[in-house]
Amino acid sequence: MATVSACGIVTPSSDRILFDGHAFRAKAKPVDKKASPADFTVVVNEVSASLDGAREAGRFEGTKFCIKNFGSSKIVWKVGPDTEPQNLRISDDKLTFAGTCQRP
């Protein structure tokens with residue numbers, strides 16, 4: 001059962017997917033839809049709650065994006081969930097991944 005608020009639909013907390021015990025807000029979007037629609041970024045908020053959880057939330061969002069737009073879960077990550085921690089892009093408690101969806 002969903003609740004309607006002034007901001008839209010709010011799903012019950014029991015329906016949220018948890019990563020390392022935390023629900024992360026994450027969003028994947030194309031870098032430039034016209035020039036290269038397969039290139040995308042994922043931004044995961046509140047990375048300080050759990051770096052491991054934020055990495056997996058980012059992997060999940062990237063996979064969803066590629067399946068929805070290209071029919072494949074294959075991704076070549078430029079900066080992604082398996083990147084060494086010192087090479088991750090973290091700023092203002094946000095983790096940013098960059099990848100390219102691979103066509104089936």
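These are my notebook entries on one predicted model.

**Entry 1: overall layout**

I began with the fold of the protein chain. I count 1 helix and 7 strands in its secondary structure. Reading from the N terminus, I get the order β-β-β-β-α-β-β-β. The chain has 104 residues, and 33% of them count as buried. I also looked at contact range: of the contacts with a separation of 6 or more, 55% are between residues 24 or more positions apart.

**Entry 2: strand 7 and its partners**

Next I picked strand 7, residues 94-101. Which strands does it pair with, and in what sense? Strand 4 (residues 36-45) pairs with strand 7 in the antiparallel sense, over 7 bridges. In that pairing I looked up Val43, and its bridge partner in strand 7 is Thr96. Strand 5 (residues 75-79) also runs antiparallel to strand 7, joined by 4 bridges. I found Trp77 standing opposite Gly99 of strand 7. Strand 6 (residues 89-91) is joined to strand 7 by 3 bridges, again antiparallel. There, Ser91 stands opposite Lys94.

I had a look at the turn too. Strands 6 and 7 make a hairpin with 2 residues between them, and Asp92 in that turn has a positive phi of about 55°.

Why do I call strand 7 largely enclosed by the rest of the structure? Because 6 of its 8 residues are buried. A note to self on strands in general: in a regular one, side chains alternate between the two faces of the sheet.

**Entry 3: the nonpolar core**

I then pulled up the largest nonpolar core, which has 19 residues; Phe40, Val44, Phe65, Leu95 and Cys101 touch the most other members. Strand 4, helix 1 (51-70), strand 5 and strand 7 are the elements that give two or more residues to this core. Helix 1 has the largest share, at 5 residues.

From that group I chose Cys101 for a neighbour list. Skipping residues within four places in sequence, Cys101 is in contact with Ala38, Phe40, Phe65, Cys66, Phe70 and Lys74.

**Entry 4: the largest pocket**

How much space lies in the largest pocket? I get about 170 Å³. Its lining is Arg16, Ile17, Phe19, Ala23, Phe24, Arg25, Ala26, Ala57, Phe60, Glu61 and Lys64. Sorted by class, I have 7 nonpolar, no polar and 4 charged residues in that lining. Helix 1 supplies the largest share of the lining, 4 residues.

**Entry 5: Ala57**

I followed up one of the lining residues, Ala57. Ala57 is in helix 1. Its relative accessible area is 2%, so I log Ala57 as buried. Not counting residues up to four places away in sequence, Ala57 touches Phe19, Phe24, Ala26 and Val44. Of these, Val44 was in my core list above, while Phe19, Phe24 and Ala26 are in the pocket lining. I also checked the spacing to Ile17: it is 40 residues from Ala57 in sequence, and the C-alpha to C-alpha distance is 8.8 Å.

**Entry 6: Ser72**

Last, a loop residue. Is Ser72 buried or exposed? Ser72 is buried, with a relative accessible area of 7%. Ser72 sits in the loop between helix 1 and strand 5. Leaving out neighbours within four places in sequence, I list Cys66, Ile67, Gln102, Arg103 and Pro104 as the contacts of Ser72. Cys66 had already turned up among the contacts of Cys101.

Key. Residues are numbered from 1 along each chain as its sequence is written. This is a predicted model: local features need pLDDT of at least 70, side-chain atom pairs count only at pLDDT 80 or more; totals for chains, interfaces and linings use all residues. Side-chain values use heavy atoms; hydrogens and water are left out. Buried means under 20% relative accessible area, exposed over 50%, partly exposed in between (1.4 Å probe, protein chains only). Two strands pair if DSSP finds at least two bridges between them. A nonpolar core is a set of buried Ala, Val, Leu, Ile, Met, Phe, Trp, Tyr and Cys residues joined through side-chain atoms within 4.5 Å. Contact means heavy atoms within 4.5 Å. On a 1 Å grid over the protein atoms alone, a cavity is a set of points where a 1.4 Å probe fits but cannot get out, and a pocket is an open set with protein on both sides within 12 Å along at least five of seven lines; lining residues have an atom within 4 Å of a point. Grid points are joined across faces, edges and corners, and a volume is the space filled by probe spheres set on the points. Ala, Val, Leu, Ile, Met, Phe, Trp, Tyr, Cys and Pro count as nonpolar, Asp, Glu, Lys and Arg as charged, and the others, Gly among them, as polar.
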